[in-house]
Amino acid sequence: MSYGFSAINTSGQVIISDEMESLHFLGKATLNSNDGGGHANYGASGRIIFTYTITTSATPLVFIKPSDYSRWHAIMTQSVSGSTWTFDVIVSGTSSSNPPELFCFVNANSTSGTTSTHGLVVWKSDGTTRTFDSRYSPLVITGGGSLAPASCPSDDGCPTTTSGHPWNYSTLDHDFGSDNQYNSQAISGTYTDLMFSAPSLAQGVYKRQAEGYKCSDKPWPQSGCQEHWSTAMWWMMYRNAFRIRSGYFDAGWATYSSGYSFSSTFESGGWFGGGGGGYSTGSMPYTAKTINYTSNAYMIADSTRYG
Amino acid sequence: MSYGLNVYKADGSLGFSTLDIVWMQIDQFTVAANASVSNTYPEVSGMTVIAQVQMINDPPESQEAYAPEVIVSGTTVSVAPYTSKTSEQVIIMVLAQD
């Protein structure tokens, strides 16, 4: 280059540039609320959703720093109103204690407020846009890659629909827990200091359905069989979530929502004239499948470097 | 280190070093539902480029909410709905490492 600034490491990699913007620590998002948790049903550990906000005119890159590293975490969605960003973070388990911290990073030019007179600031050739400013703790990555969760979230394998059960059968025989369904990549560092940036894209809905049947004799003077049918269905919706443990970064699942329905019907001509009834706790969002099943980029950083 | 650049904080502690590993933020943009976008970044030629995808503005929870397909090819990042699928609004964060 004829002018400007580049810092290049011993591997020839550009670490600081006056042309490309480094990310810098903006601050921690503020925890505002949680939804109380729920859906610890059918063998699953349930989940709780924490909501955070932070104000910035830039689009922040967010890292989750777990407080409880045994739980699964992910940013489910984010939204912006004016310059206020809101993040919904799903955490496995229903306890509202030990919420994670959210570390937010933005381009250098979107940081402000320091009074420090020490450090290094690099501007673009326009002389006004900062690409690097050491006063705001530049983001340093300790690991990363691309990872997808296990394709089927359920520890018992993908649940099935079976028939031939007794009429009005409603005993669940499937474990919807998902803590053991994940893919891993090796990472380094003291894991209780680490944080990750990895949005939740994949989601899935699965159901266990048991169909019952019986045939009862029709009373005299009728003859033959009166047929009775029943359907019991348990469903669980999962969201892709992540976990850091000693030596590994895991892409797995957290429960999002769940429901149950039961219905029975019988044909006319028996003791009764046909009919039936049903019961339901919520509707299955869509037919059973995993969607958005793709590897998403993730990054690992050391939280102890930032405020 | 024998050579390189260390930047220290006012208290004398090390704030940043060229021994660190960094990712540069190349771009960030929002892709509307069902839209297609393709951006090329010549300045990152030879670098490793990743694109992080994040759902934005409360995608539906009672129906299938598809993210678009994101393809990184060289210095080009392309975003489009999967074939025969609708896609939700997303934020794309483009990062590069030399």
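Visitor: Which strand of chain A does strand 7 (residues 73–81) join, and how many bridges are there?

Guide: Let's take that as a way into this model, which is a predicted one. Strand 7 of chain A is joined to strand 8 of chain A by eight bridges, and the two run antiparallel. To see it residue by residue, look for A:S81, which stands opposite A:T84 in strand 8.

Visitor: What links strand 7 and strand 8 of chain A?

Guide: They form a hairpin, with two residues between the strands. Look at A:G82 in the turn: its phi is positive, at about 65°.

Visitor: And how many bridges join strand 5 of chain A to strand 8?

Guide: Nine bridges, again with the strands antiparallel; strand 5 covers residues 47–55 and strand 8 covers residues 84–92. Here A:T55 stands opposite A:T84. You met A:T84 a moment ago, opposite A:S81.

Visitor: Where do the side chains go in a strand?

Guide: As a general idea, side chains in a regular strand alternate between the two faces of the sheet.

Visitor: Let's zoom out. How many helices and strands does chain A have?

Guide: Zero helices and 21 strands. The radius of gyration is 27 Å, well over the 19 Å that the globule rule gives for 307 residues, so chain A is more spread out than a compact globule. Its C-alpha trace spans about 105 × 40 × 35 Å along the principal axes. Buried residues make up 42% of the 307 residues. As for contacts in chain A with a separation of 6 or more, 73% are between residues 24 or more positions apart.

Visitor: What does the secondary structure of chain B come to?

Guide: Zero helices and eight strands. Chain B has a radius of gyration of 18 Å, well over the 13 Å from the globule rule for 98 residues, so this chain too is more spread out than a compact globule. The C-alpha trace of chain B spans about 55 × 30 × 15 Å along its principal axes. In chain B, buried residues make up 33% of the 98 residues. Residues 24 or more positions apart account for 58% of chain B's contacts with a separation of 6 or more.

Visitor: What is the order of the strands in the open sheet of chain B?

Guide: The order is 4-7-6, three strands with antiparallel pairing. Strand 4 (37–40) and strand 6 (69–73) stand at the edges with a single partner strand each, so one side of each is left without a neighbour in the sheet. From one strand to the next, the twist averages 10°. For a pairing to trace, try strand 6 and strand 7 (residues 76–80), antiparallel and joined by five bridges. There you'll find B:V70 opposite B:V79.

Visitor: How many residues of chain B are in contact with chain A?

Guide: 39 residues of chain B are in contact with 37 residues of chain A. The largest share of chain B's side, six residues, comes from strand 5 of chain B. By class, that side has 22 nonpolar, 10 polar and seven charged residues. The chains also pair through strands: strand 3 of chain A (residues 21–28) and strand 3 of chain B are antiparallel over two bridges. In that pairing, A:S22 stands opposite B:M24.

Visitor: Could you pick a residue in strand 5 of chain B for me to follow?

Guide: Try B:A51, which has its place in that strand. Is B:A51 buried, partly exposed or exposed? A residue needs 20 or more C-beta neighbours within 10 Å to be buried. B:A51 has 19 inside 10 Å, so it counts as partly exposed. Leaving aside neighbours within four places in sequence, B:A51 is in contact with residues including A:A297, B:V70, B:V77 and B:I92. From B:A51 to B:D27, 24 residues apart in sequence, the C-alpha to C-alpha distance is 9.4 Å.

Visitor: Which residues touch the most other members in the largest nonpolar core?

Guide: A:C104, A:F196 and B:I92, in a core of 89 residues. The largest share of this core, eight residues, comes from strand 17 (residues 225–245) of chain A. Beyond four places in sequence, B:I92 touches residues including B:F29, B:A51, B:V53 and B:V79.

Key
Residues are numbered from 1 along each chain as its sequence is written. Chains are lettered from A and ligands numbered from 1 in the order in which they are written. This is a predicted model: local features need pLDDT of at least 70, side-chain atom pairs count only at pLDDT 80 or more; totals for chains, interfaces and linings use all residues. Two residues are in contact if their C-beta atoms, placed from the backbone, lie within 7 Å. Helices (H or I, at least four residues) and strands (E, at least two) are DSSP runs, numbered from the N terminus. Ala, Val, Leu, Ile, Met, Phe, Trp, Tyr, Cys and Pro count as nonpolar, Asp, Glu, Lys and Arg as charged, and the others, Gly among them, as polar. Two strands pair if DSSP finds at least two bridges between them. Axes are lines fitted to C-alpha atoms, for helices over the stretch in contact, and angles run from 0 to 180 degrees between N-to-C directions. The radius of gyration is taken over C-alpha atoms; the globule rule is 2.2 Å times the number of residues to the power 0.38. A residue is buried if 20 or more other C-beta atoms lie within 10 Å of its own, exposed if 12 or fewer, and partly exposed in between; C-beta atoms are placed from the backbone. A nonpolar core is a set of buried Ala, Val, Leu, Ile, Met, Phe, Trp, Tyr and Cys residues joined through C-beta atoms within 7 Å.
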